[in-house]
Amino acid sequence: MCGIVGLYLKNLELETQLGELFSPMLASMSERGPDSAGFAIYGDEVPGDQIKITLQHEDTAFDWAGVARAIGEELEHQPVWFQNATAAVFKLKTSETMAREYFARLAPEAMIMSVGRSIEILKGVGLPQEIIERFNLPSMQGTHIIGHTRMATESAVSMAGSHPFSTGMDLCLVHNGSLSNYNWLRMRLQKYGIHFETENDSEVAAGYLTWRLREGDTLEQALKAGLKDLDGFYTFAIGTRDGFAVIRDPIACKPAVLAETNDYVAMASEYRALVHLPNIENARVWEPEPARVYVWERGSKLGMVA
Amino acid sequence: MDQGGNFIISKSITHRLTDDRTMTDDYVKPGLRESATFDRHTINEIQRAADTGIYDIRGFGAKRKLPHFDDLLFLGASMSRYPLEGYREKCATDVVLGDRFASKPLHLDIPITIAGMSFGSLSAQAKEALGRGASEVGTSTTTGDGGMTPEERGQSKMLVYQYLPSRYGMNPDDLRKADAIEIVLGQGAKPGGGGMLLGQKITERVAGMRTLPVGIDQRSACRHPDWTGPDDLAIKIEELREITDWEKPVYIKIGASRTYYDVKLAVKAGADVIVLDGMQGGTAATQEVFIEHVGVPTLAAIPQAVQALNEMDMHRKVQLIVSGGIRNGADVAKAMALGADAVSIGTAALIALGCNHPKWHDDYIAIGSAAGYYDDYHEGRCPAGISTQDEKLSQRLDPVEGGHRLANFLRVLTMEAQTLARACGKSHLHNLEPEDLVALNVEAAAMARVPLAGTQWIPGMSGY
Amino acid sequence: MKTIDLLETSVRELNQSLHDQANNCDEREWVVLHPMGRHAVACGLNQNISVDIEGHAGYYCAGMNQKASVTIHGNAGQGVAENMMSGCVRVKGDASQSAGATGHGGLLVIEGNAAARCGISMKGVDIVVKGNAGHMSAFMGQAGRLVICGDAGDALGDSLYEVHIYVKGEVASLGADCIEKPMREEHIEELQQLLDRAGVDEDPKAFRRYGSGRQLYHFKVDNASSY
């Protein structure tokens with residue numbers, strides 16, 4: 001079981017404060033999720049011919065520079081990259097498929113966390129506050145962010161088992177709840193070519209979404225299909241390149257609360273997580289209805305979609 | 001036509017039709033072969049289902065043979081291990097429950113408690129008897145899915161108050177009167193099932209306590225109404241502690257299922273004590289399929305729980321109470337050797353009071369059963385006056401005498417456990433260890449994680 | 001009047017002070033500042049006191065309330081006034097799930113909307129919701145009265161026992177064994193009294209009544225699909 005939190009900035013003047021505003025949200029969900037924490041931050045978008053890949057290796061002394069050099073030779077130009085604690089972010093002029101292939105060959109011990117033009121997924125084992133400090137979250141900037149604190153239910157506490165789970169380019173999922181048919185579903189999805197690293201139920205939900213999107217569903221269609229195919233209890237928050245989405249299962253036992261002002265839309269498992277946000281006393285605060293998709297995205301109509 | 005052959009057959013058939021005193025196969029003719037798949041019980045059940053169109057409901061726990069404590073043996077004193085003398089050299093039996101967060105943990109003289117059983121499923125006399133017996137030997141009783149009766153609170157020196165999905169009778173005054181609070185997620189007989197009480201037992205008093213119309217069949221919730229999942233359970237525990245000013249230990253009771261994960265989650269949610277009920281645990285009423293086909297044997301669940309506690313460095317800090325088929329002092333000692341801090345008895349306690357006693361044999365026959373076989377607790381016709389609300393029947397149980405019988409039984413359990421512990425050189429029951437045990441068969445060895453007798457082999461863990 | 005600021009005082013200290021009033025009541029009016037979504041605020045009260053909570057409360061606010069009058073000037077999280085025995089709890093904003101769950105008595109008023117499972121397993125409490133109530137409201141409700149001035153969500157009164165449900169707005173769908181019943185004089189009177197106690201200005205004649213069909217009171221194989 002877990003805590004989930006999300007913050008989407010409507011007022012982009014707050015971009016420089018995104019990490020600062022979000023850190024207390026994540027920290028306050030510690031009791032719900034003491035085992036591990038993670039977040040997907042969106043910002044610093046690369047141009048259309050490039051991609052951004054975030055990887056992790058437990059050893060902070062891992063030779064990322066060497067990997068960068070090796071990739072540079074393959075690509076015939078040096079990638080822009082930087083390290084943040086156990087993570088490293090690479091910006092490459094290539095496709096996702098090629099990038100994955102390079103890293104599989106040149107840095108097989110590193111785990112790919114996310115691929116996209118804007119997304120960076122950082123996560124790890126430990127109390128949320130430790131994760132916040134490890135990656136220096138308060139200093140981070142961006143347009144939107146979703147995060148998760150984990151209380152492991154039926155699978156191991158590990159970095160790989162932590163959320164957010166990447167589900168495609170610039171897409172990720174965090175989950176509060178417990179799915180009951182994920183083993184059958186995992187077998188099916190493996191046949192469709194979806195790859196899994198853990199025994200985790202949430203990873204299966206993420207894989208399901210990846211599959212549906214690959215089959216041509218819009219995000220809303222994929223989430224609605226999930227209402228039928230995913231059995232169990234869940235609140236999902238999904239990060240997209242331009243915003244985020246929230247959905248609860250039809251029984252809706254797992255909590256979720258939303259808050260909106262002119263400056264932001266925020267989401268959390270408990271209202272407690274939102275109390276430090278600016279002007280929260282005047283925010284519109286409400287709970288998402290069960291079995292409905294709520295999406296906030298830049299450049300489209302904001303609010304409840306389907 | 002004497003010893004075998006037709007005469008005997010017709011005698012045995014007549015025997016069965018007129019006098020069901022025996023269910024043995026002594027007189028079955030050779031050549032009649034019973035199917036192991038469609039045995040007589042199964043055939044009878046299919047026919048009953050076809051007759052009635054409804055599933056079979058009964059009480060008691062799982063009746064089929066399962067790996068259990070009988071499959072384990074103690075390694076007694078040897079050249080390297082010396083026994084303790086009886087009497088002079090003490091083998092202590094006390095236990096403290098709930099000192100992780102509560103300001104008033106429970107101090108028990110013996111590590112055997114009485115498990116939760118409701119007033120409603122049991123008569124008021126039975127609840128009073130349980131309280132009397134437990135208090136006589138310095139241990140606790142537990143309310144059930146029906147609320148706290150004055151009789152039980154009056155008689156029981158230490159009373160654990162159950163907090164269940166139904167919340168029948170739940171109220172803060174009783175919460176404050178309780179010595180501990182037991183949040184029930186499930187029980188061994190039916191992990192995932194709620195309470196069941198049929199109309200014949202919903203008398204005025206029971207109905208009043210549960211806020212139900214008299215005589216209806218109770219429908220019970222299987223999930224708690226205001227929280228789902230360990231993350232929200234943590235907040236619920238916080239509330240219960242706040243209401244009771246952090247005085248009382250909070251137990252979490254689980255039916256053995258995904259025990260390893262459940263125990264870790266219970267600890268993370270903030271439990272002081274975990275009560276683990278294996279599939280042999282009893283119930284007053286539920287579907288037979290639930291009892292027999294859901295859950296994990298007590299033997300297999302205990303090592304999972306202990307492993308989970310050890311990995312979190314919480315063994316002995318969050319206490320573990322084990323229930324589900326505890327019948328004698330050997331079971332007590334073996335459960336503790338595997339790592340339990342205490343055990344809990346339900347079915348055995350009722351049997352001690354008089355459940356299935358041969359003195360009521362004719363009454364059992366009259367209601368279609370027999371002494372030693374009776375499990376239709378849901379019908380409310382218990383000849384011993386225990387699982388009934390009928391005024392006349394329940395008066396057959398004298399609470400004072402019943403209390404003494406239970407106290408006797410609890411003393412025997414304790415002395416038997418001490419005998420075994422002393423033979424293993426222990427001055428406290430807690431010092432019994434898994435290494436004091438060996439298993440008689442491969443299943444028990446694998447489940448209990450102790451070696452097969454005569455070998456070093458623990459299947460799945462260490463080599464031959 | 002005593003004011004407690006939860007920025008300076010812990011919830012534990014607040015609750016202990018409020019609990020102490022049960023034995024020795026030296027202060028009848030309390031104001032709590034900056035609840036900020038904290039849980040279990042003012043739970044387990046057992047005295048004729050009034051408590052005004054200025055802001056949004058977390059889970060189980062006023063849980064197991066006895067005798068006290070608690071007002072939340074904001075929203076309330078899951079399980080507000082759960083298992084209430086007596087007294088009055090009023091939420092000026094919205095209430096999250098399981099509001100008034102398993103309550104035995106007293107009055108719970110929600111001036112905004114109530115989320116899912118409002119009055120779940122209620123055992124005698126009276127609940128008046130000025131706005132809408134979410135799905136599965138009064139699920140397995142045993143006794144008491146639930147009044148919804150707005151709309152009710154799906155599966156209203158599923159598996160109901162003897163709760164009286166009054167709804168003015170739309171009912172998305174009825175739960176198993178919950179049926180509409182005629183509004184007779186005694187029901188109009190009952191509803192009028194509830195609305196008066198709750199301080200809600202509505203015409204009882206505009207409401208419809210729902211109650212148990214009583215078909216699930218005895219296990220019958222014909223009802224198998226309802227189980």
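**Entry 1: helix H5 of chain A**

I began with helix H5 (residues 182-191) of chain A, and I noted that its buried residues are Tyr182(A), Leu185(A) and Leu189(A). For this I called a residue buried if 20 or more other C-beta atoms lie within 10 Å of its own, exposed if 12 or fewer, and partly exposed in between, with C-beta atoms placed from the backbone. Looking down the axis of H5(A), I found that its buried residues fall within an arc of 60°, so they line one face of the helix; the arc is that of the directions from the helix axis to the C-beta atoms. On the other side of H5(A) I listed Asn183(A), Trp184(A), Met187(A) and Lys191(A) as exposed.

What do the buried residues of H5(A) pack against? They pack against strand E10 (171-179) and helix H6 (201-214) of chain A. Helices (H or I, at least four residues) and strands (E, at least two) are DSSP runs, numbered from the N terminus. Just after H5(A), I also noted that Gly193(A) takes a positive phi of about 90°.

**Entry 2: what kind of model this is**

I wrote down that this is a predicted model, in which local features need pLDDT of at least 70 and side-chain atom pairs count only at pLDDT 80 or more, while totals for chains, interfaces and linings use all residues. Residues are numbered from 1 along each chain as its sequence is written, and chains are lettered from A and ligands numbered from 1 in the order in which they are written.

**Entry 3: chain B as a whole**

I looked up the secondary structure of chain B, which comes to 16 helices and 14 strands. A compact globule of 464 residues would have a radius of gyration near 23 Å, and chain B, with 23 Å, agrees with this; the radius is taken over C-alpha atoms, and the globule rule is 2.2 Å times the number of residues to the power 0.38. Taken along the principal axes, the C-alpha atoms of chain B fill a box of roughly 75 × 65 × 40 Å. Of the 464 residues in chain B, 56% are buried. Among contacts in chain B between residues at least 6 apart in sequence, 66% join residues at least 24 apart, where two residues are in contact if their C-beta atoms, placed from the backbone, lie within 7 Å.

**Entry 4: where chain B meets its neighbours**

I turned to the contact with chain C, which takes 22 residues from chain B and 39 residues from chain C. Which helix of chain B gives the most to the side that touches chain C? Helix H7 (residues 230-243) does, with 5 residues. By class, this side of chain B has 10 nonpolar, 4 polar and 8 charged residues. Here Ala, Val, Leu, Ile, Met, Phe, Trp, Tyr, Cys and Pro count as nonpolar, Asp, Glu, Lys and Arg as charged, and the others, Gly among them, as polar.

Towards chain A, 9 residues of chain B are in contact with 13 residues of chain A. H7 and helix H8 (259-269) of chain B are the elements that give two or more residues to this side of chain B, which has 4 nonpolar, 2 polar and 3 charged residues.

**Entry 5: chain C**

I recorded 2 helices and 11 strands for chain C. The radius of gyration of chain C is 18 Å, close to the 17 Å that the globule rule gives for 227 residues, so chain C is as compact as a globular protein of that length. The C-alpha trace of chain C spans about 60 × 35 × 30 Å along its principal axes, and buried residues make up 59% of its 227 residues.

**Entry 6: backbone details**

Most residues other than glycine have a negative phi, and most peptide bonds are trans. I therefore kept a separate list of exceptions.

- A cis peptide bond joins His163(A) and Pro164(A), with omega about 5°, and Pro164(A) has its place in the loop between strand E8 (144-150) and strand E9 (165-168) of chain A.
- Asp245(B) has a positive phi, near 55°, and lies in the loop between H7 and strand E9 (250-255) of chain B. Is Asp245(B) buried or partly exposed? With 16 C-beta neighbours inside 10 Å, Asp245(B) counts as partly exposed.
- Ala138(C) has a positive phi, near 60°, in the loop between strand E7 (123-129) and strand E8 (143-148) of chain C. With 33 C-beta neighbours inside 10 Å, Ala138(C) counts as buried.
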